[in-house]
Amino acid sequence: MKNYNQIITINPKKRFGRPCIRNTRISVYDVLAWLASGMNKEDIIQDFPELTKEDIQACLAYAAEKEHKIRVAS
């Protein structure tokens, strides 16, 4: 997913400006933490029916892009 900008939003008045899914209070970090804890996409959607598989994929794409931009000091 290259165009996650329609899904991941940053609003300084929500969650202290953390990137969130659309205009919910569910942050990218929340979704990544749930995936890291062993939940799968279906589990997350069952607990948070306002989310879609595309939303979760957008979180992964966002995190991958941020990781790619990290520079290692030499």
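This passage describes helix 3, its packing partners and the two cysteines Cys20 and Cys59 in a predicted model.

Helix 3 covers residues 53-69, a run of 17 residues. At 1.5 Å a residue, a span of 24 Å is expected. The C-alpha atoms at its ends lie 25 Å apart, which agrees with that expectation. Several of its residues are buried: Asp55, Ile56, Ala58, Cys59, Ala61 and Tyr62. These buried residues pack against two strands, strand 1 (8-10) and strand 2 (19-21). They also pack against two helices, helix 1 (28-36) and helix 2 (41-47).

The pairing of helix 1 with helix 3 was examined next. Two packed helices are described by the angle between their axes and the distance between the axes. Here the axes come within 9 Å. They cross at roughly 100 degrees. An angle of 65 to 115 degrees counts as roughly perpendicular, and helix 1 and helix 3 are therefore roughly perpendicular to each other. Helix 1 contributes Val28, Val31, Leu32 and Leu35 to the contact. Helix 3 contributes Ile56, Cys59, Leu60, Tyr62 and Ala63. The residues of this contact comprise nine nonpolar, no polar and no charged. Among the contributors from helix 3, Ile56, Cys59 and Tyr62 are buried.

On the strand side, Ile10 belongs to strand 1. Ile10 is exposed, because its relative accessible area of 54% is over the 50% cut-off. Beyond its neighbours within four places in sequence, Ile10 is in contact with Gly17, Arg18, Pro19 and Tyr62. Tyr62 is a residue of helix 3 that also takes part in the contact with helix 1. Ile10 and Cys20 are separated by ten residues in sequence. Their C-alpha atoms are 6.2 Å apart in space.

Cys20 is buried, with a relative accessible area of 2%. Cys59 is buried as well, at 0%. Both values fall under the 20% cut-off. A disulfide is a covalent bond between the sulfur atoms of two cysteines. For Cys20, the closest cysteine sulfur is that of Cys59, 9.2 Å away. For Cys59, the closest is in turn that of Cys20. The cut-off for a disulfide is 2.5 Å between sulfur atoms, so the 9.2 Å separation is too far for a bond. The count of disulfides comes to zero. Cys59 instead appears among the helix 3 residues in contact with helix 1.

Notes. Residues are numbered from 1 along each chain as its sequence is written. This is a predicted model: local features need pLDDT of at least 70, side-chain atom pairs count only at pLDDT 80 or more; totals for chains, interfaces and linings use all residues. Side-chain values use heavy atoms; hydrogens and water are left out. Helices (H or I, at least four residues) and strands (E, at least two) are DSSP runs, numbered from the N terminus. The expected span of a helix is 1.5 Å times one less than its number of residues. Buried means under 20% relative accessible area, exposed over 50%, partly exposed in between (1.4 Å probe, protein chains only). Contact means heavy atoms within 4.5 Å. Axes are lines fitted to C-alpha atoms, for helices over the stretch in contact, and angles run from 0 to 180 degrees between N-to-C directions. Angles under 35 degrees count as roughly parallel, over 145 as roughly antiparallel, 65 to 115 as roughly perpendicular and the rest as oblique. Ala, Val, Leu, Ile, Met, Phe, Trp, Tyr, Cys and Pro count as nonpolar, Asp, Glu, Lys and Arg as charged, and the others, Gly among them, as polar.
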